[in-house]
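This report describes selected side-chain and ligand environments for a reader working with atomic coordinates. The sequence and the structure are shown first.

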Amino acid sequence: MTPENFDAVDVIAAKRDGHRLSTAQISWVIDAYTRGVVADEQMAALAMAIFINDMEPGEIADWTQAMIASGERMDFSSLSRPTSDKHSTGGVGDKITLPLAPLVAVFDVAVPQLSGRGLGHTGGTLDKLESIPGWRAELSNAEILHQLEDVGAVICAAGSGLAPADKKLYALRDTTSTVDCIPLIASSIMSKKIAEGTAGLVLDVKVGSGAFMKDLDKARQLARTMVDLGTAAGVKTSALLTDMSTPLGLTVGNALEVRESVEVLAGGGPSDVVELTVALAEEMLRLAGRTDVDVREALADGRAMDAWKRMIRAQNGDPDAPLPAAEHTEVVTASETGVLSRLDALAVGVASWRLGAGRARKEDPVQAVAGIELHAKPGDQVSAGQPLLTLHTATLERFGRAVEALEGAVEIGGDTSGLRDSVVFETIT
Ligand code: URA
């Protein structure tokens, strides 16, 4: 057996005592953890030491590179068109990937969206698409390349070969209260995106109650860290800071979000979803060198819809089949008349999750039909007794705990001075 270059206890002690870890220490500890030589409890201690003592930019870059090196890297250089991708840090009602990928593909820029399933209150893109009859998430690398060349957009499951160290570490962080840490979030996201091989990357960094980052300063710091990591690795990277204090659009939950995405692709849909889809598409296209395009026109004239249908059919889905609908619905009404001043994203996300739209453990199934429809958004005038939310589920017993999650989530007649017209706060390049 070859001797190990370092001792895990020494690496943990160095970070515990506030020292910078060397490149060699970092590359060893990630590799040894992936091989099972560094135990889960040792990595948990190291993650907590990083959480408490932070990492310098150079350490974060080394950590990211080591996680990339733990697995395979995809290569899209054989494609005839440039690639550009988007990653969202996760939110409630965030269905933007669905209209965005085919919209960008209209302009001959390929979108390799390797996505995940949802965990906790944020929904997963694959869970949403799986509510389309026949649609298949798992593709081989050869199928991904073929679809990118043929259709220009693919949304599929990220294979287990990309950054396997992150997969292991993320599960560990989830159970040791070390998720909410900028160096670990930034390296986790960027290792997967850099390994994916996209040439351009736009990060949608969410801010607000339904997001990891509750305030703008923290979100800015996360965005800056990720943009710098991507740029240093040769990926053209930028970030949009966007609102996640209230759900995006008027639907939360898998089939409901697909329905709303199709409305956007048909030239309609809620204004915040359209605004964010257009802003992200323009930024992705800018990174790919396409600045002279009219993105809104491609939504209005059916080209984005055509690309969507081709993308869904390429993965065995039937884009014209009816989406499943819930057997049970319950309406929550406004308690008074006035301006809706708050509709909390986190509470709506948790309620939707409890209705069956999300999972508590990664092996749990999700209900395609579960979720919540919003009938008003912050800033709208509402009247006492009018429907505010419709809750959907296949399981009647789920209503009670979902309604409990909504307690205190709705405010009518409160301060509206903090409400913004735009969902996009700023761009970081
Ligand atoms: N998403 C990831 O992929 N990793 C994190 O650490 C947080 C969000």
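A residue is called buried when its relative accessible area is under 20%, and exposed when that area is over 50%. The model discussed here is a predicted one.

**Helix α1 and its surroundings**

By that criterion, the buried residues of α1 are Ala8, Val11, Ile12, Ala14 and Lys15. They lie on the same side of α1, because the arc that they cover around the axis is only 160 degrees. Such a pattern follows from helix geometry: an α-helix has 3.6 residues a turn, so residues three or four places apart point the same way. Val9 and Arg16, on the other side of α1, are exposed. The packing partners of the buried residues of α1 are α2, α3 (40-53) and α4 (57-69). Just after α1, Gly18 adopts a positive phi of about 85 degrees.

**An aromatic pair**

Rings of Phe, Tyr and Trp are paired if their centres lie within 6.5 Å, and a pair is tilted when its planes are neither under 30 degrees apart nor over 60. By this rule, the count is one aromatic pair. The pair formed by Phe6 and Trp28 is tilted, because the ring centres are 6.0 Å apart and the planes stand at 50 degrees. Phe6 belongs to the segment before α1 (8-16) and Trp28 to helix α2 (residues 23-35), so the pair ties together parts that are 22 residues apart in sequence. Phe6 has a relative accessible area of 29% and is partly exposed, whereas Trp28 is buried at 7% relative accessibility.

**The ligand site**

Which residues surround the ligand? They are Tyr170, Arg173, Ile185, Ser188, Ile189, Lys192 and Phe212. The table gives the distances from ligand atoms to side-chain N or O atoms.

| Residue | Ligand atom | Distance to a side-chain N or O atom |
|---|---|---|
| Arg173 | oxygen | 2.9 Å |
| Ser188 | nitrogen | 2.6 Å |
| Lys192 | oxygen | 2.5 Å |

Two residues of this surrounding group also interact with each other: the charged end of Lys192 sits over the ring of Tyr170, 5.7 Å from its centre. Elsewhere, the charged end of Arg420 sits over the ring of Phe425, at 4.0 Å from the ring centre.

**Three buried positions**

Cys181 is placed in the loop between α8 (164-174) and α9 (182-196). Is Cys181 buried or exposed? Its relative accessibility is 5%, so Cys181 counts as buried. Apart from neighbours within four places in sequence, Cys181 contacts Ile50 and Phe51. Cys181 and Ala47 are separated by 134 residues in sequence, yet their C-alpha atoms are 9.3 Å apart in space.

Glu260, in helix α11 (residues 254-265), has a relative accessible area of 2% and is therefore buried. With residues up to four places away in sequence left out, Glu260 touches Lys95, Leu248, Gly249, Leu250, Thr251, Pro270 and Val273.

Ala298 is part of helix α13 (residues 295-300). Its relative accessible area is 0%, so Ala298 is buried. Under the exclusion of residues up to four places away in sequence, the contacts of Ala298 are Leu103, Val106, Phe107, Arg303 and Ala304. Ala298 and Ala266 lie 32 residues apart in sequence, with a C-alpha to C-alpha distance of 9.7 Å.

Note on methods:
Residues numbered from 1 in each chain as written. Predicted model: local features only at pLDDT ≥ 70, side-chain atom pairs only at ≥ 80, totals over all residues. Heavy atoms only, no water. Helix = DSSP H or I, 4+ residues; strand = E, 2+ residues; numbered from the N terminus. Buried < 20%, exposed > 50% of the residue type's maximum accessible area, 1.4 Å probe, protein only. Lys NZ or Arg CZ within 6 Å of the ring centre and 35° of its normal. Arc of directions from axis to C-beta. Contact = heavy atoms within 4.5 Å. Near = heavy atom within 4 Å. Polar contact = N/O pair within 3.5 Å; in protein donor to acceptor, adjacent residues only side chain to side chain.
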